[in-house]
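Biologist: Before I rely on any label attached to this protein, I should like each one set against its criterion. May we proceed term by term?

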Amino acid sequence: RSSDLLKSFVERSAREAEYHMHRLKQEGYEIAWRGKADDERDYYCTSCEIEVFNLLFVCNKKGTNYVYCESCARKNDKKLQEHIIANQYSQEEMSSIIANFRLH
């Protein structure tokens, strides 16, 4: 069923997000809690335009915040010194989303 496939995709995305968060912390990066409002738009990488989920790599240039995926953020700033890494969802929130996942 398509709902099972979609739920599986959401589960993999949550596991991948948790893996990347753990890896970044192991590398010594601080991850700032940001959260996400229910009516807040999704974010896309300023460079490659893919959707950036959960971990935003934010760079402020001349008073404007730009969001990047990790790959594009590291292209010009390998050590991410000019970026803030912002977390949008807690592990509990992601687990709840998966547990309550239903197609309407």
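Modeller: The discussion below takes the labels in turn, beginning with the ground rules.

Modeller: This is a predicted model, in which local features need pLDDT of at least 70 and side-chain atom pairs count only at pLDDT 80 or more, whereas totals for chains, interfaces and linings use all residues. Residues are numbered from 1 along each chain as its sequence is written, and side-chain values use heavy atoms, with hydrogens and water left out.

Biologist: What makes a stretch of the chain a helix or a strand, and how many of each are there in the protein chain?

Modeller: Helices (H or I, at least four residues) and strands (E, at least two) are DSSP runs, numbered from the N terminus. The protein chain has three helices and six strands, in the order α-β-β-β-β-β-α-β-α from the N terminus.

Biologist: Why is Arg-23 called buried and Glu-27 partly exposed?

Modeller: Buried means under 20% relative accessible area, exposed over 50%, and partly exposed in between (1.4 Å probe, protein chains only). Arg-23 has a relative accessible area of 18%, so this residue is buried. Glu-27, at 42%, is therefore partly exposed. Over the protein chain, buried residues make up 37% of the 104 residues.

Biologist: How do you know that Glu-27 and Arg-23 form a salt bridge?

Modeller: The term requires a side-chain nitrogen of Lys or Arg within 4 Å of a carboxyl oxygen of Asp or Glu. In the pair Glu-27 and Arg-23 the closest N and O atoms are 3.2 Å apart, and the pair therefore qualifies. Side chains of opposite charge can pair when their charged atoms come close. By this rule there are six salt bridges.

Biologist: What does the salt bridge between Glu-70 and Arg-23 tie together?

Modeller: Their N to O distance is 2.5 Å. Glu-70 lies in helix α2 (residues 70–76) and Arg-23 in helix α1 (residues 2–26), so the pair ties together parts that are 47 residues apart in sequence. Glu-70 is buried, as is Arg-23. A further salt bridge joins Asp-42 and Lys-36 at 2.7 Å, N to O; Asp-42 is partly exposed, with a relative accessible area of 33%. Through shared partners, salt bridges join Arg-23, Glu-27, Glu-70 and Arg-74 into one network.

Biologist: Why is Lys-61 said to lie over the face of Tyr-66?

Modeller: A charge sits over a ring if NZ of Lys or CZ of Arg is within 6 Å of the ring centre and within 35 degrees of the ring normal. Lys-61 is at 5.9 Å from the ring centre of Tyr-66 and lies over its face.

Biologist: What makes a group of residues a nonpolar core, and which residues have the most contacts inside the largest one?

Modeller: A nonpolar core is a set of buried Ala, Val, Leu, Ile, Met, Phe, Trp, Tyr and Cys residues joined through side-chain atoms within 4.5 Å. The largest has 20 residues, and those with the most contacts inside it are Leu-24, Leu-55, Leu-56, Phe-57, Tyr-68 and Ile-85. Elements giving two or more residues to this core are α1, β4 (55–61), β5 (64–68), α2 and β6 (84–87). The largest share, five residues, comes from β4. Apart from this core lies another, of five residues, among them Ala-14, Ala-17, Tyr-89 and Ile-98.

Biologist: Which residues are in contact with Ala-86, and is Ala-86 buried or exposed?

Modeller: Contact means heavy atoms within 4.5 Å. Leaving aside neighbours within four places in sequence, Ala-86 is in contact with Ala-32, Arg-34, Asn-54, Leu-55 and Leu-56. Ala-86 is in strand β6, and its relative accessibility is 5%, so it counts as buried.

Biologist: What sets the phi of Asn-54 and Lys-62 apart?

Modeller: Most residues other than glycine have a negative phi. Asn-54 has a positive phi of about 75° although it is not a glycine, and Lys-62 also has a positive phi, near 55°. Asn-54 is in the loop between β3 (51–52) and β4, and Lys-62 in the loop between β4 and β5. At a relative accessible area of 0%, Asn-54 is buried, whereas Lys-62, at 89% relative accessibility, counts as exposed.
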